[in-house]
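Please look over the sequence and the model below, and then follow the report on some of its side chains.

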Amino acid sequence: MLDRYTAAAAMLMAMAAPAAAELELSLYLGVQSAHSDTDSVRLPGAAAPVSRDIDWRVKPFENPLYYGGRATWWTQSDFGFGIEGTHAKAIAKAPDRAALGVDKLEFTDGHNIITANVMKRFPGAVAKLERFTPYVGAGVGVAIPHVDIKVTGAVGRTFDFEATGPAVRGIAGLKYDLSEKWAVFGEYQITWSDNDATIDPDPTVPGQTAGKLETELVTHALNFGISYSF
C-alpha cells in the first residue's frame with residue numbers, strides 16, 4: 001500500500017512540476033538612429049528653461065560601440081521571459097550646444113536601456129524553412145544613461161550615471177538555427193525613454209541651484225547577433 005501511495009505522490013509531483021525552460025543568451029551589434037521631441041534644458045542657477053529640438057547623433061561604430069544582450073527563458077508554449085540591456089549613445093551637435101549654452105551635452109558611456117521582456121516565437125511559421133523562426137517582443141524598464149554635460153564658462157562638469165526615467169522596448173526579428181544550440185539573428189528594435197537628468201551646479205558659485213535636462217528619446221536600430229541556448 002505504501003508503494004502505491006509513493007507512486008501516486010510521485011506522479012502528482014511530476015504532473016505539477018513546471019516544464020523545463022530553455023535559456024537563450026543573445027548578444028548583438030547594429031546600426032542605430034535617434035530622435036526626440038522638444039527638449040528642455042534649464043542651466044544651473046537659471047530661472048527658466050530653454051526649449052529646443054536637439055539633433056542627436058549616435059555614432060554606433062565609434063568607441064564605445066553600440067551593443068546589447070539579453071537572457072530569455074523560453075517555455076514550451078514558445079513564450080519567453082527575460083531581461084535585456086542596450087548600450088547606445090546620444091550626442092548633441094554643436095549648433096544645439098551653442099544655443100543651449102553648453103560645451104558638451106551627451107550620453108556616451110552611454111544611453112543605457114534596461115528592460116524586462118516578454119517574447120513570443122513562431123517556430124515553423126516560415127514554410128519549408130524549419131531553421132528560420134520569427135519572433136516579437138516588448139519590454140518595460142528604466143533608462144540609466146551616463147550624463148556628460150559641461151556648461152559654457154563653468155568650472156564643474158556633470159559626469160555620472162543617473163536613473164533618468166522609464167523606458168520601453170519593441171522587438172521584431174528572425175532567427176536562423178545553425179545547430180541545436182547556436183543561432184544567428186537579425187531584428188528591428190525601437191526604444192523610447194523619458195529622461196529627466198540633473199545638471200550639477202558650478203562648485204565655484206555658492207548657493208547655485210542644480211539644472212535640469214528633460215528629453216523623450218526614441219531610437220531605431222537594426223541588430224545582428226548570435227544566440228546560444230541550453
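## Aromatic pairs and a nonpolar patch

At 27% relative accessibility, Tyr228 counts as partly exposed, because this value lies between the limits of 20% for buried and 50% for exposed residues. The model is a predicted one, and a search of the whole structure finds 6 aromatic pairs. In one of these pairs, the ring of Tyr228 meets that of Trp182, and the pair is tilted because the planes stand at 55°. This pair connects distant parts of the chain, since Trp182 belongs to strand 12 and Tyr228 to strand 13, with their positions 46 residues apart. Tyr228 also forms a tilted aromatic pair with Phe230. Both pairs are set out here, with the separation of the ring centres and the angle of the planes.

| Pair | Centre to centre | Angle between planes |
|---|---|---|
| Trp182 and Tyr228 | 4.7 Å | 55° |
| Tyr228 and Phe230 | 5.8 Å | 35° |

The partners of Tyr228 are likewise partly exposed, Trp182 with a relative accessible area of 41% and Phe230 at 49%.

Elsewhere, ring pairs join Tyr28, Tyr66 and Phe185 into a cluster, and Arg70 lies over the face of Phe185, 5.4 Å from the ring centre. In a similar arrangement, Lys120 lies over the face of Phe79, at 4.4 Å from the ring centre.

On the surface there is a nonpolar patch with about 860 Å² of accessible area together, and its members include Leu29, Leu65, Tyr188 and Phe224. Strand 1, strand 12 and strand 13 each supply at least two residues of this patch, whereas Leu65 lies in the loop between strand 4 and strand 5 and is partly exposed, at 38% relative accessibility.

Conventions:
Residues numbered from 1 in each chain as written. Predicted model: local features only at pLDDT ≥ 70, side-chain atom pairs only at ≥ 80, totals over all residues. Heavy atoms only, no water. Patch = residues over 30% accessible without salt bridge, like charges linked within 9 Å, V, L, I, M, F, W, Y side chains within 5 Å. Areas by Shrake-Rupley, 256 points an atom, 1.4 Å probe, with all protein chains shown as cover. Salt bridge = Lys/Arg side-chain N within 4 Å of Asp/Glu carboxyl O. Helix = DSSP H or I, 4+ residues; strand = E, 2+ residues; numbered from the N terminus. Buried < 20%, exposed > 50% of the residue type's maximum accessible area, 1.4 Å probe, protein only. Phe/Tyr/Trp six-rings, centres within 6.5 Å; stacked < 30°, edge-to-face > 60°. Lys NZ or Arg CZ within 6 Å of the ring centre and 35° of its normal.
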